[in-house]
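Here's a quick briefing on a protein with a ligand, starting at the ligand shell and working outwards. Have the viewer open while you read.

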Amino acid sequence: MMFTRVLVANRGEIAVRVVRALHELGIEAVAVYSTADRDAPHVELADQAVCIGPPPAAESYLRIPNIVAAAETTGCEAVHPGYGFLAENPAFVRACDDSGLVFIGPPAEVMERMGDKVRAKEQMRAAGIPLVPGTDGVAGLDAVRRAAQEAGFPVFLKAAVGGGGKGMRVVRSEDELESGYAAASAEAEAAFGDGSLYLEKVLSPARHVEIQVLCDAEGGVLTLGERECSIQRRHQKLIEESPSPALDDETRAEMETAVARACATIGYRNAGTFEFLLGPDGGFHFIEANCRLQVEHPVSEAVTGIDLVREQVRLAAGERLELAGRAPRRGHAIEIRINAEDPARGFAPAPGTVTRFRPPLGAGVRIDTAMREGSEIPPYYDSLVAKVIVWDETRPAAIARTVRALSDLEVGGVTTTRELALDVLASQEFQGGDYSTSTLAELQGRLPSLSPA
Ligand code: MV4
């Protein structure tokens, strides 16, 4: 049975995005907010709103009992977590289950198995998916030293749990290994309460390419193709596009078939993303799975015409996928994340008041934002101002349209990543589609927007 009322356990542009999808399905939306977000657009747009605590996320958006209570007291049947905050927290999924609330996402045990990156790799190996070479599971310093000697430097030390680049470290030589191990382990322990590490060979040059899926409870799997996310800094993506200029049709089909097989093996449900690195050999190697809707999901929506949030809600309500296999797609989509950050100061967050906000309009342009003129960007949460998503028939046309849209965008009062994105779009590397996970760092010395004023 389709829901009549759903709680949105998030804030900002993604909460707005989810409320819109709910309204289009004829479902009432209940917002939650911290006292810093009392006047936020997601609160205004929802049918009801519940205050869940003070500004720090640990006392509001991350407080499981407060959110479950908000859903119960307002008579919600389901909860959409958005991304970030509690979206990949199996304890939250269990708390929803225990209160008879449908969690709009994968089951707790799937999330638990895939959230542990070592176990995720084990399961993917069992499904016959190629992995990035490295240790079979968590490794202590001695095992890491042996594996590094075998694989050859540089190597990546990665936290078994967690993500977002925390507890990840490149080690370039034997004499850096001990201190690198201690530092990565301490960082992982502090961030996730678990200092376990595993080792991978560094693939370089590599491209970060991820496959979007939707899975129903009858075993139906739909793959929506890939998103290329190699333009990142500090593991924050700046530009995403689909299709990836690095994939030929054969490799793309192989990746989608592999992911569909993996989803069947692990019993995946709802929306998810499987991250791969394309190595210098052109081969694909699994790195991790994301058991949530992602920031960059509109890129896949643009090329497939499928509303991922609507599908998430339908699937959570027990409906089946109308399509299975590989979703048909058309044209090219690019997303630019506009963050209130100062690229010339190491991307330091630049919170403040947005004194001017004029989003671009026109054909093929979508803006996902919770900004209005006069909005405050609070220092407590992430600094995303807006996502500019552009579609056109071909990659060159989509790039030209993205440049036009970014040129039309006006954000005043805070420093943003807009100029950096324009510089990257203008670069020969991006224009040629010939870029990798190291390109942004390499451009750093050359781009005007990355040099201190
Ligand atoms: C890697 C890698 C190269 N080799 N692992 C970054 C985010 C996380 N989900 C996985 N990431 C990477 N893992 C191995 N074995 C390259 C990345 C990577 C990256 C690294 C440095 C700077 C930018 C990057 C952008 C995308 C992926």
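Domain bounds here come from an automatic or database domain assignment. On that basis, the shell around the ligand takes at least three residues from each of domain 2 (133–201) and domain 3 (207–450). This is a predicted model, where local features need pLDDT of at least 70, side-chain atom pairs count only at pLDDT 80 or more, and totals for chains, interfaces and linings use all residues. Residues are numbered from 1 along each chain as its sequence is written, and side-chain values use heavy atoms, with hydrogens and water left out.

**Ligand shell**
- There are 16 residues around the ligand (near means a heavy atom within 4 Å). Coming nearest are Lys 158, Glu 200, Lys 201, Leu 203 and Glu 275.
- By type, the shell splits into seven nonpolar, four polar and five charged residues; Ala, Val, Leu, Ile, Met, Phe, Trp, Tyr, Cys and Pro count as nonpolar, Asp, Glu, Lys and Arg as charged, and the others, Gly among them, as polar.
- Strands E6 (155–159), E8 (197–201), E12 (270–278) and E13 (284–290) each give at least two residues to the shell. Strands (E, at least two residues) and helices (H or I, at least four) are DSSP runs, numbered from the N terminus.

**Distances to ligand nitrogen**
- A polar side-chain atom of Glu 200 sits 2.9 Å from a ligand nitrogen, and one of Glu 288 sits 3.2 Å from a ligand nitrogen.
- For Lys 201, a polar backbone atom is 2.7 Å from a nitrogen of the ligand.
- On its own the ligand has 530 Å² of accessible area (Shrake-Rupley, 1.4 Å probe), and the protein covers 87% of that.

**The sheet with E6 and E8**
- Three strands form an open sheet in the order E7-E6-E8, with antiparallel pairing (strands pair if DSSP finds at least two bridges between them).
- E7 (169–171) and E8 are at the edges with a single partner strand each, so one side of each has no neighbour in the sheet.
- E6 and E7 are joined by three bridges, and Leu 157 stands opposite Arg 169 in E7.

**Backbone oddities**
- Most residues other than glycine have a negative phi, and most peptide bonds are trans.
- Phe 153 and Pro 154 are joined by a cis peptide bond, with omega about 0°; Pro 154 is in the loop between helix H7 (141–151) and E6.
- Ser 204 and Pro 205 are also joined by a cis bond, with omega about -5°; Pro 205 is in the loop between E8 and strand E9 (207–215).
- Arg 234 has a positive phi, near 50°.

Definitions and conventions:
Polar contact = N/O pair within 3.5 Å; in protein donor to acceptor, adjacent residues only side chain to side chain.
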